[in-house]
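Open the model in your viewer and keep the sequence panel beside it. The stops below say what to select and what is there.

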There are 2 protein chains.
Amino acid sequence: MMVSTKGRYALTVMVDLARSSGDGFVSLADIAERENLSMKYLESIISILNKGGMLQSLRGKNGGYRLARDPAEYSVNEILLLTEGTLAPVNCIMQDGVQCEKAATCSTLPLWAGLDKVIESYLSRITLEDIITGNRRKMLGEYCSSCEV
Amino acid sequence: MMVSTKGRYALTVMVDLARSSGDGFVSLADIAERENLSMKYLESIISILNKGGMLQSLRGKNGGYRLARDPAEYSVNEILLLTEGTLAPVNCIMQDGVQCEKAATCSTLPLWAGLDKVIESYLSRITLEDIITGNRRKMLGEYCSSCEV
DNA sequence: ACTTATTCCTACCTTGATGGTAGGATTTAC
DNA sequence: GTAAATCCTACCATCAAGGTAGGAATAAGT
């Protein structure tokens, strides 16, 4: 599994916040209840998003979180990258360009590098806006039967 | 990590065998030495490939394994699918179409479904033949700087 | 000033998959 | 008959995943 619950829940939280974009601060308790997820666990996840500069937060009563930017300006890629650390489909691809010692002679490396790029390319194209507007054509592309007109 | 060592080593073994395609049976000891991998571990992996009908084997002295088909007729996708069980990037996508109970209302599901399809599409396009001939254009596509003429 | 609701921080814990290892039984070529 | 292979079953250590727990700091409203 390339994306764990951490990354999935992070995206869920971001989508939830994107829907309330412009409505001020939203409490974690509200998000957890709406999404039916453990508030305690979400706490640790939203903390990563917050420290990564994706959110603005307000402590104390009536506090909460809100997006720091417009939903269209968040790619799914950056959200997952922040929470998961890496999205590489295999261990031999490192996110910062560091490579395995056998890299020079490894015949399967181009395959893994190509796969990594395909994934990154796809996830970079999709934004929070696409998700909340349900842009199925962009997400499912040629595979989307219900996109056909 | 979507692909573990099991799948990676399986591919390595298949590529190794593809290089010896037509030369008769190759022993696991030879493969393990060439690829510098634990023979005992490879044993459990090649057993999956063999039972999955990807190989032909011969027991006893001078025995070993060989490909059951032409290298061009193995997609990376089927090799990884057999050894890994699933290549889905998230838990909420099942390989047999079974879905999460929240699927009907889940706004992020189309994203994960799209990602899954992009990955499957890529891995289905690449064959063992592409890997042993080093078809970088096919593997790295638009991202391959050394492919530019 | 007090209460309440919230974020923030640190520590802990359980479970299952990953990545192997070990030992021997069986089969086949020479 | 022997050596060299595959085949089969069992075992095991480590680590990440997926949380839980408890409390400190902060801010709004009264």
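Start with helix α3 of chain A: α3(A) gives the most to the surface near DNA strand C, with three residues. Here a residue is near a strand if one of its heavy atoms lies within 4 Å of it. Helices (H or I, at least four residues) and strands (E, at least two) are DSSP runs, numbered from the N terminus.

Some conventions before moving on. This is a predicted model, in which local features need pLDDT of at least 70 and side-chain atom pairs count only at pLDDT 80 or more, while totals for chains, interfaces and linings use all residues. Residues are numbered from 1 along each chain as its sequence is written, chains are lettered from A and ligands numbered from 1 in the order in which they are written, and side-chain values use heavy atoms, with hydrogens and water left out.

**Stop 1: DNA strand C**

Select DNA strand C and the 23 residues around it; A:L28, A:E43, A:S57, B:S38 and B:K40 come nearest. Of the strand C atoms that come within 4 Å of the protein, 67% belong to sugar and phosphate.

Next, pick out the polar contacts (pairs of N or O atoms within 3.5 Å; within protein, one must be able to donate a hydrogen and the other to accept it, and residues adjacent in sequence count only if both atoms are side-chain atoms). Select A:R59, where a polar side-chain atom lies 3.3 Å from a base oxygen of DNA strand C. At A:G60 a polar backbone atom is 3.4 Å from a base oxygen of this strand. Then go to chain B: an N or O atom in the side chain of B:N62 is 3.2 Å from a sugar or linking oxygen of DNA strand C.

Colour the elements that give two or more residues to this surface: α3 (39-51), β1 (55-58) and β2 (64-67) of chain A, together with α1 (5-19) and α3 (39-51) of chain B. By class, the surface near DNA strand C has five nonpolar, eleven polar and seven charged residues. For this count Ala, Val, Leu, Ile, Met, Phe, Trp, Tyr, Cys and Pro are nonpolar, Asp, Glu, Lys and Arg are charged, and the others, Gly among them, are polar.

**Stop 2: DNA strand D**

Now select DNA strand D. Which of the 22 residues around it come nearest? They are A:K40, B:L28, B:E43, B:S57 and B:Y65. Sugar and phosphate make up 65% of the strand D atoms that come within 4 Å of the protein.

Zoom in on A:K40, which has a polar side-chain atom 2.4 Å from a base oxygen of DNA strand D. A:N62 places a polar side-chain atom 3.4 Å from a sugar or linking oxygen of the strand. In chain B, an N or O atom in the side chain of B:Y65 is 2.7 Å from a phosphate oxygen of DNA strand D.

The elements giving two or more residues here are α1 and α3 of chain A with α3, β1 (55-58) and β2 (64-67) of chain B. The largest share, three residues, comes from α3(B). The surface near DNA strand D divides into five nonpolar, ten polar and seven charged residues.

**Stop 3: helix α2 of chain A and the loop after it**

Select residues 28-35 of chain A, helix α2, in which A:L28, A:I31 and A:A32 are buried. Buried means under 20% relative accessible area, exposed over 50%, and partly exposed in between (1.4 Å probe, protein chains only). Look down the helix axis: the buried residues of α2(A) fall within an arc of 95°, so they line one face of the helix. That arc is taken from the directions from the helix axis to the C-beta atoms. What covers these buried residues includes α1 (5-19), α3 and β2 of chain A.

Step on to A:N36, in the loop between α2 and α3 of chain A. Most residues other than glycine have a negative phi. A:N36 has a positive phi of about 60° although it is not a glycine. At 58% relative accessibility, A:N36 counts as exposed.

Jump to B:N36, in the loop between α2 (28-35) and α3 of chain B. B:N36 also has a positive phi of about 60° and is exposed, with a relative accessible area of 58%.

**Stop 4: the core**

Which residues touch the most other members of the largest nonpolar core? Select A:W112 and B:W112, in a core of 88 residues. A nonpolar core is a set of buried Ala, Val, Leu, Ile, Met, Phe, Trp, Tyr and Cys residues joined through side-chain atoms within 4.5 Å. Not counting residues up to four places away in sequence, B:W112 touches A:V3, A:R8, A:L11, A:L80, B:V90, B:C92 and B:I93. Contact means heavy atoms within 4.5 Å.

**Last stop: chain A as a whole**

Zoom out to chain A, which has seven helices and two strands in the order α-α-α-β-β-α-α-α-α. Its C-alpha trace spans about 60 × 45 × 25 Å along its principal axes. Of its 149 residues, 44% count as buried.
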